[in-house]
Amino acid sequence: MSRYIFVIDADRCIGCKGCQVACKAENGIGPGENRNRVFDVGPTGVFPDLEMYFLPVMCQQCEEPACVAACPTKACRRNEADAVVMIDAETCIACRACERACPYGALTLNRERRVMDKCTICEQLRREGEKPACVKNCPGNALYCGDIDDPDSAVSQLLAQTRPEHIHKLRDTGSHPGNYYILRNAAWQDLLPRELAERRGGRRQV
Amino acid sequence: MMYGGVDPSIADSNALELYFDSEIKALVLWGTDPSCSCPASGGGAVNDQRAKGVKTVVIDPPFTQDAAKADIWLPIRPGTDVALMMAWIRYIIEHRLYDAEFVLKWTNLPYLVDTETKLMPRAAVSSDPAVPDTFYVWDKRTDSMQPLAYPWDDALEGTFTVDGRVYKTGFTMLKEQVADFTPERAAEICWLDADRIVKAIRLFAENTPGGLAIGVATDQTPNSVQAAMGACTIDLLLGNVERPGALMQRFRTSGTFDMPNYPVPICADLLPDEQLRKRLGGNEHKGLGIWFAGHPSSILEAVLTGKPYPLRVWIDRSGNKLGAVADSKRWQKAMERLDLIVHMYMYPTSFSAYADILLPTEEWLETNMMVETCNTLCARQQVTHLWETVDETVIWSMLAKACADRGDEECRRAFDPEFMGKNLPYWSSEKEVFIHFLKRIDFDWEKLCWLTPYEYMPRRDWQTYYVYQWKDEKTGLAQGFNTPSKKLEIYLESMITLGRTGKPFSKCELPPASKDYEPLPYYLEPHESPVRDDEVSREFPLVLTSGRVPYYHHSTLRNIPFLREMYPAPEVWVNPRTAEGYGIETGDWVWVRSKRGEIRGIAVLTEGIGPGIVWMERFWNPETLNTKTHGWKEMNVNILTKADAPFNDVVGTYTLRAFQVQLEKADGAPEGVWLNPEDFKPWLPKPSGRTKEVFVK
């Protein structure tokens with residue numbers, strides 16, 4: 001079995017949010033809906049001694065996804081082949097239970113199609129041997145995806161080359177998030193997306 | 001002018017060493033934030049360099065994305081950049097951090113300057129452009145003033161009296177010019193910490209090769225040209241030029257264009273001298289000649305007062321002038337006085353609301369364009385065409401044709417190959433323009449489309465270093481730089497000639513400017529300033545600067561739903577300590593007022609801006625285009641900016657950044673503006689097939 005996840009090099013994210021736009025254009029996501037978002041983390045400190053980094057957040061491909069557990073129709077499930085969490089549009093009733101359950105704000109209601117929507121690591125592109133839209137369009141080369149169970153995959157290699165103290169995950173609230181974050185040049189802030197949105201210290205956190 | 005090559009602008013993709021695995025060790029981003037201004041090109045390239053261990057210094061009032069990733073951030077007070085540059089120069093000279101051998105051999109700093117005329121006396125004047133004039137140096141051996149033939153010299157510093165006249169070397173002139181600017185003095189002027197200034201200078205000066213890139217920030221105050229001179233001086237003193245890893249380079253080009261990527265032949269040599277002499281502001285600010293441009297504020301005055309002559313027609317090819325020009329309310333008054341306004345653009349903007357005639361141009365996906373990037377030539381190709389639009393290259397030609405048909409002699413001659421000489425006679429399609437350029441390399445448009453991206457030269461041949469050391473075939477000597485002296489002209493004597501005659505930009509002699517231009521950078525305190533204790537600073541105590549966000553380019557893209565939903569209204573960054581006095585919280589709508597007007601924005605309290613400073617993104621609101629504001633009066637920073645004197649002496653820059661404002665909490669958002677993501681749905685693209693070609697003759 002393989003497990004597809006993202007490894008995000010947060011030092012390399014320049015906060016341009018190009019990934020958000022690329023995702024929407026590729027996947028037909030409307031205004032106010034997001035499969036992924038980039039948050040400013042900071043600035044922390046007092047002027048002029050500050051730190052700030054940028055945090056792209058998408059589905060964390062959890063081991064025990066809260067969204068799957070919350071779904072009343074089993075529309076939300078993990079792929080057997082690659083462990084990616086998917087939503088079956090036929091059986092989804094758009095009750096938004098998954099959205100409420102997810103600690104990472106990774107699910108969004110697709111108003112046009114009246115179904116819940118989430119990152120599939122661009123399944124349609126991967127099938128064609130291409131990279132996801134966000135990865136392809138990231139000017140900073142901050143986003144990597146691949147099979148974490150394959151020691152030769154780009155994501156496994158990247159993690160193997162990174163010192164353990166620089167590898168982070170978003171706070172685990174019981175679902176065991178799969179994605180990894182690399183941050184060397186700033187202190188990791190243990191904040192969930194909704195907490196970051198409330199702080200909104202810098203630019204608008206949409 | 002100092003270097004004779006292109007400036008290393010990152011946003012203009014001129015800093016070519018960034019795109020390769022080069023020897024860069026350190027970069028200074030001075031008022032430029034590639035992560036905002038060009039994320040997909042320079043932003044990514046600088047990011048790659050950082051990941052390889054290249055050190056960066058960012059000098060910018062707000063804590064930008066690039067500042068967040070910098071080794072040292074200097075949050076400078078807006079508008080004081082030249083003071084800090086002079087401190088850098090002073091420190092580099094005082095601590096002998098400059099490349100002494102390079103400065104002696106390859107800059108004009110050893111040449112003697114007559115302190116009275118500020119000119120460099122000549123021992124011999126050359127009429128051959130390949131051979132420079134012969135200048136004087138101070139010969140230490142004979143202790144006398146001696147002519148020294150190009151290219152080597154041997155004395156750098158000193159003040160000497162000969163026959164009652166005092167001469168100093170260019171180096172001494174520079175040293176004396178910056179003498180007052182100690183790190184402590186700069187710290188006081190620029191609201192910075194002196195130790196941090198020194199750390200930044202050392203980080204850059206001790207890690208060569210590298211480069212210092214400026215952006216438009218320093219171009220937007222009356223001290224603009226001096227900032228460019230200061231920035232260039234720092235790099236040249238450190239020898240950051242034409243070495244592998246330096247940003248200032250003269251790499252080869254394909255030879256296709258007259259000006260880099262300039263799509264239309266400009267025929268500058270055909271402009272009658274009398275036209276050039278009466279160009280508004282062109283005599284006072286002769287540096288504008290490099291872009292064949294007029295001076296906006298002089299144009300504004302001419303429309304409002306009819307002096308020195310009245311203007312009647314405005315043909316505009318740009319986005320939203322009312323969102324882009326300083327003190328836009330005065331421009332509205334000027335527009336009311338004109339007989340005819342024509343707006344040529346891709347979609348309606350606030351400016352269109354005041355136009356008599358609209359000329360819709362094709363969007364970029366509808367046009368073809370030749371692009372040269374590094375050692376490749378590319379054909380950007382039309383993918384669709386919708387509705388009644390025409391390529392703007394062709395619209396100009398159509399206008400000329402229409403005038404020619406109605407008997408205008410000049411326009412008729414624009415189509416006459418004999419009159420146009422080496423220039424392209426006016427054309428009927430953009431393909432004709434492409435052929436004009438592409439035939440120089442034995443290409444046509446179809447071939448370029450087929451071979452895109454076409455590598456016109458292998459990278460190794462294209463990436464030419466040390467071009468100044470190449471032997472000139474005629475003289476047998478090193479060819480030097482593209483300057484009159486063939487040296488790097490850190491003492492920019494040609495500023496004086498420019499101000500007096502218009503040379504080298506003007507093809508005819510122009511009357512002298514009211515005051516000589518200075519050959520060395522000088523610091524000009526902003527006219528409206530928090531350190532001046534006057535009426536303006538008492539009523540408007542905060543200094544405002546603006547800047548970019550990654551989602552928009554200049555005044556475009558506010559009508560793109562996926563971008564606008566991320567940043568629906570301009571943020572007004574205020575330090576929490578400053579905001580306290582105004583009772584403002586993050587998310588509040590605030591009034592931002594200057595002497596010239598008032599607008600609203602959304603307050604964001606952040607440590608990312610210093611106390612006493614306000615940062616704001618410029619804006620306009622396409623959604624209120626058809627209301628009485630026409631979209632430019634709600635949130636447009638240029639309602640606040642300053643279009644009157646003082647101007648930069650050389651190019652006439654007015655004040656778009658670094659002026660005084662006050663804040664007040666507002667009751668809410670301006671009427672009719674869109675803020676929620678769903679609001680922008682009407683602007684989502686509607687699928688359409690290819691529409692019928694419409695071409696009005």
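**Note on the predicted model: a β-hairpin, a loop lysine and the A–B contact**

1. Two residues make up the hairpin connection between β19(B) and β20(B). The model is predicted. The two strands, residues 589-594 and 597-605 of chain B, run antiparallel and are joined by six bridges. Within this pairing, Val592(B) has Ile599(B) as its bridge partner in β20(B).

2. β19(B) has a second partner. Strand β22 of chain B, residues 659-665, pairs with β19(B) in the antiparallel sense, over four bridges. Here Trp591(B) stands opposite Glu664(B) of β22(B).

3. Which side chains of β19(B) are buried? Val590(B), Val592(B) and Ser594(B) are, and they point to one face of the strand. Trp589(B), Trp591(B) and Arg593(B) point to the other face and are not buried. The side chains thus alternate along residues 589-594.

4. Lys439(B) sits in the loop that links α17 (430-438) and α18 (445-451) of chain B. Is this lysine, Lys439(B), buried or exposed? Lys439(B) counts as exposed, because it has 11 C-beta neighbours inside 10 Å, and the cut-off for exposed is 12 or fewer. The C-alpha atoms of Lys439(B) and Thr256(B) are 8.2 Å apart, although 183 residues separate the two in sequence.

5. The contact between the chains draws on 27 residues from chain A and 31 residues from chain B. On the chain A side, the elements giving two or more residues are α1 (18-27), β2 (37-46) and β3 (49-57). α1(A) supplies the largest share, four residues. By class, this side of chain A has 13 nonpolar, eight polar and six charged residues.

How values were computed:
Residues numbered from 1 in each chain as written. Chains lettered and ligands numbered in written order. Predicted model: local features only at pLDDT ≥ 70, side-chain atom pairs only at ≥ 80, totals over all residues. Contact = placed C-beta atoms within 7 Å. Nonpolar A, V, L, I, M, F, W, Y, C, P; charged D, E, K, R; others polar. Buried ≥ 20, exposed ≤ 12 C-beta atoms within 10 Å, placed from the backbone. Pairing = 2+ DSSP bridges.
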